[in-house]
Amino acid sequence: MQIIEKRKIFYIISLILLIPGIISLFAQGLNLGIDYKGGSIINVRIEDKEQVSAADVRAALAEVDQDKAEVQKSGSDFFIRTNELTQEQTNELMAVLKAEFNSVEFLGAESVGATIGNELTRNALFSLLIAGVLMLIYITYRFEWAYGVAAVIAILHNVLVVLGVFSLFQWEISSSFIAAVLTIIGYTINDTIIIFDRVRENLRMKRKEPFELLLNKSVMQTLNRTINTVLTTILPLIALLLFGGATIKFFMLAMLAGFIVGAYTSIFISSPLLYEIKNKAA
Amino acid sequence: MQRQPSIVAVIAIAAAILLLGYFAIQPIAQSINLGLDLRGGLRVVLEAQETEGKAVTEDTITKAIGILRTRVDSLGVEETTLYPQGENRVVIEIAGEDDPEAAVDILKNVAQLEFQDEQGNVLVTGENLENAEARMTQSGASTAEVLLEFDKEGAKLFADATKNNVGKPILIVIDDKVISAPNVDEPITDGNAVIRGTFTAEEANNLAVQLRSGALPVSFEVLEKRSVGPTLGADSLDKSLKAGIIGLIAVLIFMLGYYRLPGLIADLSLVIYITLVLGTMSVLGAVLTLPGIAGLALSIGMAVDANVVTYERIKEELRFGKTLGAAIDAGFKRAFWAIFDSNLTTLIAAGVLMYFGTGPIKGFAVTLSIGIIASVLLVLTFTRYMLILFSNVTKNPKLYGVEGGAADANN
């Protein structure tokens, strides 16, 4: 495959991946979970003989003026999202549910103040920045600055695609999202470096070859590895997504999206980027 | 001549590893501390509220932690951790509490007890309490009351207070809320008092605990609270383990199917890998959280990556027509820096996460980091040794995933 020659096609594919997400980010933003905007989630299991619907639960909550609560049903588990509740309000809410339905079991509750959200966001951005700078330094030290810049742009590209997907589908962003993003970064970088390492090695062996051909060859030589590694990594992810329960669903979705895009990026975007940067610099 | 002993060695090693996996993994896994999200529990972050004339200092927080610890201990739970965070916060983690929500009630309130006269003058405060105890109002009654016992100074103050207010009510105020206002019939000099309200047994008990432990030096607000009931914890553990095992089996099958003999080595090394990672976590006292299990499952994919990189290199060398031994040698040499550089950068990301993350996320970063290091070490030692050992047993290139002899690897 002539990846460098046909790089424009891949840029266009990337734009197609990026633009809807970016528009969505501006238009509807992200669906921030309570970790970021504050609020409460109460997680209960209701195993009534009769089917209890989310609407039933919401109706019951009217008694404590929480009929605006967002109620989500997953099997017999219900997630009740409200504004931030005090401990007393949480207790009242549980009491109402227990009175209304048979066999209400408390599974978990989370309550986060709005100030925490700001801190989390700041920490998240800060950690992304630090990770990015450290990687740039390391790659520059081990390779050349151009490789580092190409890798970091590839990372940004990836993170932006994942953010866009989360915005488009309005999947919830929780504090674990940042963990997913950092893992995606680590993984994209991992993939990209395997390819760049090949470029570095090939450069040492045959200096005469045009850079364009050499890049192509390096990507193709590492292609099997890239595909197999993404396969062995997403197999457990898919298993966790399917069988791992509702708690980590969005965490897994973020990683899955990130890893698939990551493989694409490292094959079709990082090397063309390296080519552009090297060309501009020369 | 080399043949016989090698086959025996290969079978013995494989059998030993499978036995290790079968017998060691479970007990090791059970010795690892589970996070609150898997065993059930409560994590609360309280923030001290500055009020006029009451600055929050390190001393305030230390004192508050002492008081909070007494309260937590009264719950009789197995494991609690209290520690300050930043300048004005206290983090409380309680594991294995059946009713994590109830624990919040007892922690949060300041429990500043005051006896006031009609004019609002403070006569005695909770500082002079010797003891506080809950009891049912009458035997068989559904309401409870709290019995107070003052210390010497308190008894004197209370005696004076009641003497001066005979025929008038005394207000019992907790955290600026009037709980009851009984009329004083006659002076009380024995240093005992009773708070009657409409308490349930539990409420009275909580109040007694709070009064016994003393009032918090400042008021606290719940900044963040996460509680996981025992059912959800067990559920998460069960589901994520099952999913992790399914993922692991999928990877094992894939590696065996795609890489054949080296795939088998990768599979064996995965068994060691998991034992090693769990063992390290157990030794370090690291906490396994739900995201941590996800991280572990994920690291399985990354762990075989070092194998994949190496095997692909070996295949290439074989296609160039090298002998198996030379191909293995060259494969490892060529793959080394790729593996090193790529894993080190991933480790940077995990390290940053470990530094900034809290709770379950930190668990994820720890698991991932241990996994990365273990996988690289394993491929450089075990995989290499096994490949050389296997190459003495059979040199059939088909078993290494290469058809025939020297084909051109250049695309």
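**Exercise 1. Strand pairing around E5 of chain B**

Which residue in E9(B) is the bridge partner of B:Glu114? Then describe the pairing of E5(B) with E9(B) and with E6(B).

Solution. The model is a predicted one.

Step 1. The bridge partner of B:Glu114 in E9(B) is B:Val173.

Step 2. Strand E5 of chain B covers residues 113-116, and strand E9 of chain B covers residues 171-174. They pair in the antiparallel sense, over 4 bridges.

Step 3. E5(B) also pairs with strand E6 (residues 122-125) of chain B, in the antiparallel sense and over 3 bridges. In this pairing B:Gln116 has B:Val122 of E6(B) as its bridge partner.

Step 4. E5(B) and E6(B) form a hairpin, with 5 residues between them. In the turn, B:Gly120 has a positive phi of about 90°.

**Exercise 2. A sheet and a helix across it**

In what order do the 3 strands E7, E8 and E11 of chain B form an open sheet, and which helix lies across them?

Solution.

Step 1. The order is E7-E8-E11, with antiparallel pairing.

Step 2. Strand E7 (129-136) and strand E11 (192-199) of chain B are the edge strands, each pairing on one side only. From one strand to the next, the twist averages 20°.

Step 3. Strand E8 (residues 144-150) of chain B pairs with E11(B) over 6 bridges, in the antiparallel sense. One residue pair to look for is B:Glu149 with its bridge partner in E11(B), B:Asn192.

Step 4. Helix H6 (residues 201-213) of chain B lies across E7, E8 and E11 of chain B, and it runs at about 175° to E7(B).

**Exercise 3. Two packed helices**

At what angle do H7 and H8 of chain B pack, and what classes of residue make up their contact?

Solution.

Step 1. Helix H7 of chain B spans residues 230-284 and helix H8 of chain B spans residues 290-319. Their axes are 8 Å apart, at an angle of about 5°.

Step 2. Angles under 35 degrees count as roughly parallel, and H7(B) and H8(B) are therefore roughly parallel to each other.

Step 3. The contact of H7(B) with H8(B) has 19 nonpolar residues, 7 polar and no charged.

**Exercise 4. Where the two chains meet**

How many residues of chain B are in contact with chain A, and which element gives the largest share?

Solution.

Step 1. Contact involves 61 residues of chain B and 60 residues of chain A.

Step 2. The elements giving two or more residues to the chain B side are helix H4 (100-108), strand E12 (220-228), H7, H8, helix H9 (324-356) and helix H10 (359-393) of chain B. H7(B) supplies the largest share, 16 residues.

Step 3. By class, this side of chain B has 33 nonpolar, 15 polar and 13 charged residues.

Step 4. Strand pairing also links the chains: strand E5 (residues 104-112) of chain A and E12(B) pair in the antiparallel sense over 5 bridges. Here A:Gly108 has B:Val228 as its bridge partner in E12(B).

**Exercise 5. Two helices of chain A**

How many residues of H7(A) are buried, and what covers the buried residues of H5(A)?

Solution.

Step 1. Helix H7 (residues 175-205) of chain A has 31 residues and reaches 46 Å between its first and last C-alpha, close to the expected 45 Å. Of these 31 residues 25 are buried, so H7(A) is largely enclosed by the rest of the structure.

Step 2. Helix H5 (residues 114-142) of chain A has 29 residues; its reach is 42 Å, close to the 42 Å expected. Its buried residues include A:Ile116, A:Leu120, A:Leu128 and A:Met135.

Step 3. The cover over the buried residues of H5(A) includes helix H2 (34-37), E5, helix H6 (145-168) and H7 of chain A, together with E12 and H9 of chain B.

**Exercise 6. Positive phi outside glycine**

Where are B:Asp176 and B:Arg260 placed, and are they exposed, partly exposed or buried?

Solution.

Step 1. Most residues other than glycine have a negative phi. B:Asp176 has a positive phi of about 65°, and B:Arg260 has a positive phi near 55°.

Step 2. B:Asp176 is in the loop between E9 and strand E10 (177-180) of chain B. It counts as exposed, with 9 C-beta neighbours inside 10 Å, because 12 or fewer is the cut-off.

Step 3. B:Arg260 lies in helix H7 of chain B. With 17 C-beta neighbours inside 10 Å, B:Arg260 counts as partly exposed.

Note on methods. Residues are numbered from 1 along each chain as its sequence is written. Chains are lettered from A and ligands numbered from 1 in the order in which they are written. This is a predicted model: local features need pLDDT of at least 70, side-chain atom pairs count only at pLDDT 80 or more; totals for chains, interfaces and linings use all residues. Axes are lines fitted to C-alpha atoms, for helices over the stretch in contact, and angles run from 0 to 180 degrees between N-to-C directions. Angles under 35 degrees count as roughly parallel, over 145 as roughly antiparallel, 65 to 115 as roughly perpendicular and the rest as oblique. Ala, Val, Leu, Ile, Met, Phe, Trp, Tyr, Cys and Pro count as nonpolar, Asp, Glu, Lys and Arg as charged, and the others, Gly among them, as polar. The expected span of a helix is 1.5 Å times one less than its number of residues. A residue is buried if 20 or more other C-beta atoms lie within 10 Å of its own, exposed if 12 or fewer, and partly exposed in between; C-beta atoms are placed from the backbone. Two residues are in contact if their C-beta atoms, placed from the backbone, lie within 7 Å. Two strands pair if DSSP finds at least two bridges between them.
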